[in-house]
Amino acid sequence: MDEQEWVVTELDRLFHASQDYKQKALMQAAAEIIREQEIRKEQLQGELDGTLWSPGNWSN
Amino acid sequence: MKTLIIISHPEVDQSSSQQFLIQSISDTMRTNVTVHILEKTYPDGKIDSAYEQALLKKHDRILFQFPFYWYSSPPLLKKWQDEVLTEHFAFGYRGDKLAGKELGLVLSIGIAEKEYQTGGQEGYSISELTKPYQALARKTKMSFIRPLSIFQFAYQSEQEKRRLLVRYQQYVTLKRPDSLKTREKWMIEELKTTAIDTLKMDNAEFIINQTIDQIEDNRMELDELRMHIDNFHD
């Protein structure tokens with residue numbers, strides 16, 4: 001398990017352990033923002049790959 | 001940034017969505033957030049416009065929060081608009097007291113989101129139906145921020161409600177509440193101040209710190225990727 005997965009799993013445990021509703025919402029949101037960052041990274045990586053492989057740039 | 005939430009609802013105590021939103025505002029947020037319920041302040045419907053105008057001047061972001069009845073607000077908020085947003089205060093000669101502030105809407109809506117479009121049961125989008133508020137912002141030189149529309153609160157799952165709670169907290173307190181970067185910063189600050197004693201786990205503090213590190217590391221990677229892409233286009 002990589003570190004990111006570990007953090008998300010632990011946040012889920014904290015979510016269940018918390019006795020405060022607003023704090024539960026915060027733990028859920030923390031895990032969700034990490035997943036959102038992961039998706040954004042994949043998108044940017046895709047954009048970078050697409051840019052590098054663009055035939056328009058091959059002559060450079 | 002100071003936010004004024006003007007709530008209008010004929011039976012606010014009975015409204016589960018309004019109570020949920022009011023409860024979502026944490027004690028630490030309350031230093032910069034004023035919750036102002038019109039029907040509670042003026043049970044007889046007589047509005048003190050001088051007081052209301054003074055209240056407006058003290059805040060930077062003004063939110064109208066109400067159930068979306070017949071594509072508009074409950075009657076007391078309309079009366080408030082008529083009596084408080086007067087010439088020489090909100091518009092006209094020297095009527096620049098609201099200029100530069102932000103106006104936003106928090107709408108609770110009983111019908112599903114998909115119906116608010118061409119071909120849907122309602123036929124018009126929320127952007128179209130809220131034009132009078134957009135025009136109000138324009139005339140008073142406020143900037144209109146994207147509304148927070150809450151569709152069918154009663155049918156939302158617990159997970160959706162928790163998500164709404166955080167979105168609402170961000171909508172009320174953050175500049176550019178939609179930006180990922182802004183939300184990351186907000187999250188880190190919230191995690192730093194969250195009460196460890198209500199997290200009934202031995203290593204709770206360690207997990208919280210690891211979470212903050214992870215969010216920061218991800219942000220560094222995102223900025224680096226963006227830099228590479230931008231460099232390539234230069």
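Which loop holds Thr86(B)? Thr86(B) sits in the loop that runs between α4 and β4 (102-109) of chain B. Helices here are DSSP runs of H or I with at least four residues, strands are E runs of at least two, and both are numbered from the N terminus.

Before going on, a word on the model and its numbering. This is a predicted model, in which local features need pLDDT of at least 70 and side-chain atom pairs count only at pLDDT 80 or more, while totals for chains, interfaces and linings use all residues. Residues are numbered from 1 along each chain as its sequence is written, and chains are lettered from A, with ligands numbered from 1, in the order in which they are written.

**The two chains**

Chain A has two helices and zero strands, whereas chain B has nine helices and six strands. The C-alpha trace of chain A spans about 60 × 25 × 10 Å along its principal axes; for chain B the spans are about 55 × 50 × 45 Å. The radius of gyration of chain A, taken over C-alpha atoms, is 18 Å, where a compact globule of 60 residues would have one near 10 Å. That globule rule is 2.2 Å times the number of residues to the power 0.38.

Burial is judged by counting neighbours: a residue is buried if 20 or more other C-beta atoms lie within 10 Å of its own, exposed if 12 or fewer do, and partly exposed in between, with C-beta atoms placed from the backbone. By this count, 25% of the 60 residues in chain A are buried, and 28% of the 234 residues in chain B.

Contacts follow another cut-off: two residues are in contact if their C-beta atoms, placed from the backbone, lie within 7 Å. In chain B, 74% of the contacts with a separation of 6 or more join residues 24 or more positions apart.

**Where the chains meet**

Chain A and chain B each bring 30 residues to their contact. On the side of chain A that touches chain B, α1 (3-17) and α2 (21-52) each supply at least two residues, and α2(A) gives the most, with 19 residues. By class, this side of chain A has 12 nonpolar, eight polar and 10 charged residues. Here Ala, Val, Leu, Ile, Met, Phe, Trp, Tyr, Cys and Pro count as nonpolar, Asp, Glu, Lys and Arg as charged, and the others, Gly among them, as polar.

Let us look at α1(A) in its own right. The end C-alpha atoms of this helix of 15 residues are 21 Å apart, which agrees with the 21 Å expected at 1.5 Å a residue; the expected span is 1.5 Å times one less than the number of residues. Which residues of α1(A) are buried? They are Val7(A), Glu10(A), Leu11(A) and Leu14(A). These residues cover an arc of only 110 degrees around the axis, so they lie on the same side of α1(A). The arc is that of the directions from the helix axis to the C-beta atoms. The buried residues of α1(A) pack against α2 of chain A together with α9 (204-233) of chain B. On the face turned away from the buried side of α1(A) are the exposed residues Glu5(A), Thr9(A) and His16(A).

**Inside chain B**

The domain assignment, which comes from an automatic or database source, gives chain B a domain 1 (3-178) and a domain 2 (179-234). Their contact takes seven residues from domain 1 of chain B and five residues from domain 2 of chain B. Two nonpolar, two polar and three charged residues make up the side of domain 1 of chain B that touches domain 2 of chain B. The centres of these domains of chain B, taken over C-alpha atoms, are 30 Å apart.

Two loop residues of chain B share a backbone feature, set out here.

| Residue (not a glycine) | Positive phi | Loop in chain B |
|---|---|---|
| Trp70(B) | about 45 degrees | between β3 (61-67) and α4 (75-84) |
| Arg176(B) | about 50 degrees | between α7 (158-173) and α8 (180-193) |

Trp70(B) is exposed, with 6 other C-beta atoms within 10 Å, and Arg176(B) counts as exposed with 10 such neighbours inside 10 Å.

Back at the opening residue, Thr86(B) is partly exposed because 15 other C-beta atoms lie within 10 Å. From C-alpha to C-alpha, Thr86(B) is 19 Å from Gly104(B), and the two are 18 residues apart in sequence.

Leu107(B) belongs to strand β4 of chain B and is partly exposed, with 19 other C-beta atoms within 10 Å. Phe64(B) is 43 residues away from Leu107(B) in sequence and 8.1 Å away in space, C-alpha to C-alpha. Setting aside neighbours within four places in sequence, Leu107(B) is in contact with Phe66(B), Phe68(B), Pro147(B), Ser149(B) and Ile150(B).
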